[in-house]
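Please open the model in a viewer and keep the sequence panel visible beside it. The tour below proposes a series of selections and states what is to be found at each.

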Amino acid sequence: MADKHPATRPANPRFSSGPCAKIPTFELEKLADAALGRSHRAAIGKDKLKAAIEGTREILGIPADYRIGIVPASDTGAVEMAMWSMLGARKATMVAWESFGAGWVTDVVKQLKIDAEVKEAGYGEIVDFADVDFDTDVVFTWNGTTSGVRVPNGDAIPADRAGLTICDATSAAFAQDLPWDKLDVVTFSWQKVMGGEAAHGMLILSPRAVERLESYTPAWPMPKIFRMTKGGKLNEGIFKGETINTPSMLAVEDYLVALDWGRSVGGLKGLMKRADTNAKVIWDFCDEHDWIENLAVDPATRSNTSVCLKFTDDRIKDGAAFAKAVAKKLEAYNAAYDIGAYRDAPAGLRIWCGATVEDSDLQKLTLWLKWAFEACLEEQSEAA
């Protein structure tokens with residue numbers, strides 16, 4: 001079977017769900033203008049950080065009265081800043097259907113010990129937002145990176161809600177249309193859809209979120225990197241590029257290059273179209289083969305970025321071992337890297353289909369998926 005593998009491999013076999021594939025035009029030379037060895041507080045550093053903020057606003061269509069800040073510790077840091085700074089003023093509702101959402105539940109219920117209702121759904125499913133009380137503060141992921149399930153729209157979020165909506169959108173931003181009027185706090189990291197480098201998070205605040213920060217002081221001590229107010233007022237400098245701690249100016253330059261590429265492919269609409277086209281390649285492959293299917297139960301909630309799959313063939317004896325064998329074989333042949341399911345997720349595969357991936361590479365990957373499936377089945381039979 002090994003001698004019958006497909007003749008051509010993906011030009012870029014990097015289908016990791018984070019850090020994700022770099023932009024297709026990436027070259028190290030594109031980072032030559034980085035402000036290396038310069039203070040991020042110098043004019044050149046401030047200008048680049050401000051450009052990153054305003055470029056984000058421009059492409060994502062973020063309202064002018066929303067603040068955008070670059071914060072430490074990637075998307076995780078941004079979510080933690082929001083929860084530690086804003087929750088506790090009223091009852092919370094924690095909505096989770098995958099591992100990262102479950103992590104936010106742990107932080108709020110066990111660490112902050114906030115009065116919270118927990119609503120959960122299994123991998124591949126999603127909580128019904130019609131049953132969520134938005135007069136509480138609601139924390140949720142828009143796109144479940146480890147489950148391949150996303151919120152289809154914000155229709156269930158009322159405009160006259162009393163609580164805040166805190167949305168982890170790290171695998172959604174730049175690939176899905178986020179309803180800004182329904183979201184009070186949005187977080188993401190550069191390393192996902194834009195293929196940027198890790199360690200930096202984006203924190204986006206609505207006027208309602210700012211009002212909460214200025215009117216409420218949590219009962220617990222606040223670490224320095226979480227503090228967004230000074231003297232009871234928002235520290236506006238954070239949202240103008242005056243970061244709380246020292247950022248990597250090389251990573252900032254890389255993000256600026258990625259934003260330029262995003263503009264070149266048509267901005268948000270172009271980026272969304274690329275992700276939709278990519279995901280459809282995998283969805284169509286699943287429709288054409290009865291031994292593999294999308295982990296998402298409802299097609300309306302299927303992610304167009306972190307596409308999660310499960311094997312369904314009755315001949316497979318050990319699902320986890322089989323999925324690992326397929327992923328390992330594809331990596332050994334340099335056909336696909338890092339596509340095993342997340343460690344807490346059901347056994348299967350997870351293929352990143354964000355905008356920086358080329359659909360031609362995914363087309364080639366499907367040929368390799370079929371070959372690896374058949375090869376691993378043959379090996380399983382021989383070992384029996």
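**First selection: α6 and α8**

Begin by selecting helix α6, residues 267-288, together with helix α8, residues 359-383; in this predicted model the two pack at an angle of about 20°, and their axes are 9 Å apart. Angles under 35 degrees count as roughly parallel, and α6 and α8 are therefore roughly parallel to each other. The crossing in which α6 passes α8 is right-handed.

Show the side chains of the contact next. On α6, select T277, N278, V281, I282 and F285. On α8, their counterparts in the contact are D359, L362, Q363, T366, L369 and K370. Colouring by class will show five nonpolar, four polar and two charged residues in the contact of α6 with α8.

**Second selection: the sheet of three strands**

Select β12, β13 and β14, which form an open sheet in that order, with antiparallel pairing. Its edges are β12 (292-294) and β14 (349-352), each of which pairs on one side only. Viewed along the sheet, neighbouring strands are turned by 30° against each other on average, direction ignored.

Within this sheet, strand β13 (residues 306-311) runs antiparallel to its partner β14, and four bridges join the pair. One bridge can be located by selecting V307, whose partner in β14 is I351.

Before leaving β14, select D338, which lies in the loop between α7 (319-332) and β14. Most residues other than glycine have a negative phi. D338 is not a glycine, yet its phi is positive, at about 60°.

**Third selection: the sheet of seven strands**

Now select the strands β1, β9, β8, β7, β4, β2 and β3: in that order they make up an open sheet with mixed pairing. The strands at its edges are β1 (67-72) and β3 (116-120), and each pairs on one side only. In this sheet, the average turn between neighbouring strands is 15°, direction ignored.

Add strand β7 (residues 165-168) and strand β8 (residues 185-189) as a separate selection; they pair in the parallel sense over three bridges. C167 may be labelled here, with V186 as its bridge partner in β8.

Two helices should then be displayed against the sheet. Helix α1 (residues 43-60) packs on it and touches β1, β8 and β9 (200-205). The direction of α1 makes about 125° with that of β1. Helix α4 (residues 207-215) also packs on the sheet, touching β1, β4 (137-141), β8 and β9. Its direction makes about 95° with that of β9.

**Fourth selection: β4**

Is β4 buried or exposed? Five of the five residues of β4 are buried, so the strand is largely enclosed by the rest of the structure. Both of its faces are covered: D137, V139 and T141 are buried on one side, and V138 and F140 on the other.

Which strands pair with β4? Strand β2 (residues 92-96) pairs with β4 in the parallel sense over three bridges, and A92 has D137 as its bridge partner in β4. The pairing of β4 with β7 is likewise parallel and comprises four bridges. In that pairing, V138 stands opposite T165 in β7.

**Fifth selection: α2 and α3**

Select helix α2 (residues 74-86) and helix α3 (residues 99-111), which pack at an angle of about 35° with their axes 11 Å apart. Their crossing is right-handed. To see the contact, show D75, T76, V79, E80 and M83 in α2, and W104, D107 and V108 in α3. These residues divide into four nonpolar, one polar and three charged.

Move next to A73, in the loop between β1 and α2. The phi of A73 is near 70°, a positive value in a residue other than glycine. With a relative accessibility of 44%, A73 counts as partly exposed, because that class lies between the limits of 20% and 50%.

**Last selection: G18 and P19**

Finally, select G18 and P19. Most peptide bonds are trans. The bond from G18 to P19 is cis, with omega near -5°. P19 is placed in the segment before α1.

Technical notes
Residues numbered from 1 in each chain as written. Predicted model: local features only at pLDDT ≥ 70, side-chain atom pairs only at ≥ 80, totals over all residues. Heavy atoms only, no water. Axes fitted to C-alpha atoms, helices over the stretch in contact; angles between N-to-C directions. Left-handed = near helix turned anticlockwise from the far one by under 90°. Contact = heavy atoms within 4.5 Å. Nonpolar A, V, L, I, M, F, W, Y, C, P; charged D, E, K, R; others polar. Pairing = 2+ DSSP bridges. Parallel < 35°, antiparallel > 145°, perpendicular 65-115°, else oblique. Buried < 20%, exposed > 50% of the residue type's maximum accessible area, 1.4 Å probe, protein only.
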